[in-house]
Amino acid sequence: MATGTLYLVATPIGNLEDITHRAVRVLAEADVVACEDTRRTRVLLERFGIRTKTVSYHEHNERERADELCALIEEGRNVAVVSDAGTPGVSDPGFRVVRAAIERGIAVVPIPGAAAFVAALVASGLPTDEFYFGGFLPARPHARREKLASVKSLRATLVFYETPHRIAHALADAREVLGERAAAVARELTKLHEEIARGRL
């Protein structure tokens with residue numbers, strides 16, 4: 001029996017029209033769609049008439065679920081991994097199953113599409129020739145300032161994710177640590193209330 005394939009399928013970060021034709025086809029043809037939140041992914045699948053079985057794959061079950069998914073693939077099934085929005089593995093679950101698949105000799109195929117930080121970067125007006133993506137900043141103030149200090153000397157645009165309730169503190173820490181420099185804050189990208197604030201820290 002032939003081994004299946006692990007697909008990493010990027011999904012829209014807001015506007016459902018941003019999904020690619022290839023992503024729709026792969027999700028429809030897969031045997032299983034592994035997703036962070038099955039209810040959220042079901043909305044996307046139903047929009048495109050996809051009836052593929054879904055299973056949960058999130059940060060709390062990632063370790064054991066990665067082995068289960070790889071076992072399915074070794075039985076000849078095709079598994080598509082999605083996150084709630086954007087590209088799986090980018091500040092979302094995905095790394096463990098990719099690592100497990102590679103160790104077992106399973107084909108890993110990316111289906112590219114949206115990534116929120118890329119959309120924010122290209123619309124920010126800041127230089128895009130070199131950038132550093134640091135994922136989510138630490139929640140604790142001391143750790144956050146240490147993280148910012150560690151990248152202060154990079155000659156690149158710095159890109160981070162931050163939660164709405166911490167953004168003001170994060171910006172204050174960034175100004176204190178990085179100095180007064182050009183900055184942009186993007187939120188609700190591709191959605192009805194999309195907003196990008198550009199200026200200085």
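Q: Looking at helix α4, which residues are exposed?
A: This is a predicted model, and in it Phe95, Ile102 and Glu103 are the exposed residues on the side of α4 that lies opposite its buried one.

Q: And which residues of α4 are buried?
A: Helix α4 spans residues 95-103, and within that stretch Val97, Val98, Ala100 and Ala101 are buried. Seen down the axis of α4, these buried residues fall within an arc of 165°, so they line one face of the helix.

Q: What covers the buried residues of α4?
A: The cover includes two strands that come before α4 in the numbering, β1 (5-9) and β4 (79-82), together with helix α3 (62-74) and strand β5 (107-111).

Q: You mention α3, so how do α3 and α4 pack, at what angle and how far apart are their axes?
A: The angle between α3 and α4 is about 40°, and their axes are 9 Å apart. The two helices are therefore oblique to each other, and their crossing is right-handed. On the α3 side the contact is made by Glu62, Arg63, Ala66, Leu69 and Cys70, while α4 contributes Phe95, Arg96, Val97, Ala100 and Ala101.

Q: What is the phi of Gly105, just after α4?
A: Gly105 takes a positive phi of about 75° there.

Q: Which residue other than glycine has a positive phi?
A: Ser91 is one of them, with a phi near 55°, and its place is in the loop between β4 and α4. Glu188 is another residue that is not a glycine and yet has a positive phi, of about 55°, and it is found in the loop between β8 (182-187) and β9 (195-200).

Q: Why does Ser91 count as partly exposed?
A: Ser91 counts as partly exposed because its relative accessible area is 31%, and partly exposed covers values between the limit of 20% for buried and that of 50% for exposed. Glu188 is likewise partly exposed, with a relative accessible area of 33%.

Q: Changing topic, how many disulfides are there?
A: The count comes to 0 disulfides. Cys35 is in no disulfide, and the nearest cysteine sulfur to its own, that of Cys70, is 17 Å away.

Q: Why is the sulfur of Cys70 in no bond with that of Cys35?
A: A disulfide needs two cysteine sulfur atoms within 2.5 Å, whereas the sulfur of Cys70 is 17 Å from that of Cys35, its closest cysteine sulfur, which is too far for a bond.

Q: Are those cysteines buried or exposed, Cys35 to start with?
A: Cys35 counts as buried because its relative accessibility is 0%, and Cys70 also counts as buried, with a relative accessibility of 0%.

Q: What about helix α2, which of its residues are buried?
A: In α2, which runs over residues 38-47, the buried residues are Thr41, Leu44 and Leu45. They cover an arc of only 95° around the axis, which puts them on the same side of α2. The face turned away from that buried side carries the exposed residues Arg39, Val43 and Glu46.

Q: What covers the buried residues of α2?
A: Among the elements that cover them are helix α1 (21-29) and the strands β2 (32-35), β3 (53-56) and β4.

Q: Back to helix pairs, how do α6 and α7 pack?
A: Helix α6 (residues 141-151) and helix α7 (residues 167-178) have their axes 9 Å apart, at an angle of about 45°. They are therefore oblique to each other, and α6 passes α7 in a right-handed crossing. The residues that make the contact are Pro141, Arg144, Arg145, Leu148 and Ala149 of α6, and His169, Ala170, Asp173, Ala174, Glu176, Val177 and Leu178 of α7.

Q: Where is Thr5 found?
A: Thr5 is found in strand β1, and it counts as buried because its relative accessibility is 14%. Leaving aside neighbours within four places in sequence, Thr5 is in contact with Ile73, Arg77, Asn78, Val79, Ala107 and Val109.

Q: Last one, where does Ala114 lie?
A: Ala114 lies in the loop between β5 and α5 (116-124). Although Ala114 and Pro12 are 102 residues apart along the chain, their C-alpha atoms are separated by 5.8 Å. Not counting neighbours within four places in sequence, Ala114 is in contact with Ala10, Thr11, Ile13, Gly86 and Thr87.

Key: Residues are numbered from 1 along each chain as its sequence is written. This is a predicted model: local features need pLDDT of at least 70, side-chain atom pairs count only at pLDDT 80 or more; totals for chains, interfaces and linings use all residues. Side-chain values use heavy atoms; hydrogens and water are left out. Buried means under 20% relative accessible area, exposed over 50%, partly exposed in between (1.4 Å probe, protein chains only). Helices (H or I, at least four residues) and strands (E, at least two) are DSSP runs, numbered from the N terminus. The arc is that of the directions from the helix axis to the C-beta atoms. Contact means heavy atoms within 4.5 Å. Axes are lines fitted to C-alpha atoms, for helices over the stretch in contact, and angles run from 0 to 180 degrees between N-to-C directions. Angles under 35 degrees count as roughly parallel, over 145 as roughly antiparallel, 65 to 115 as roughly perpendicular and the rest as oblique. A crossing is left-handed if the near helix is turned anticlockwise from the far one by less than a right angle, and right-handed if clockwise.
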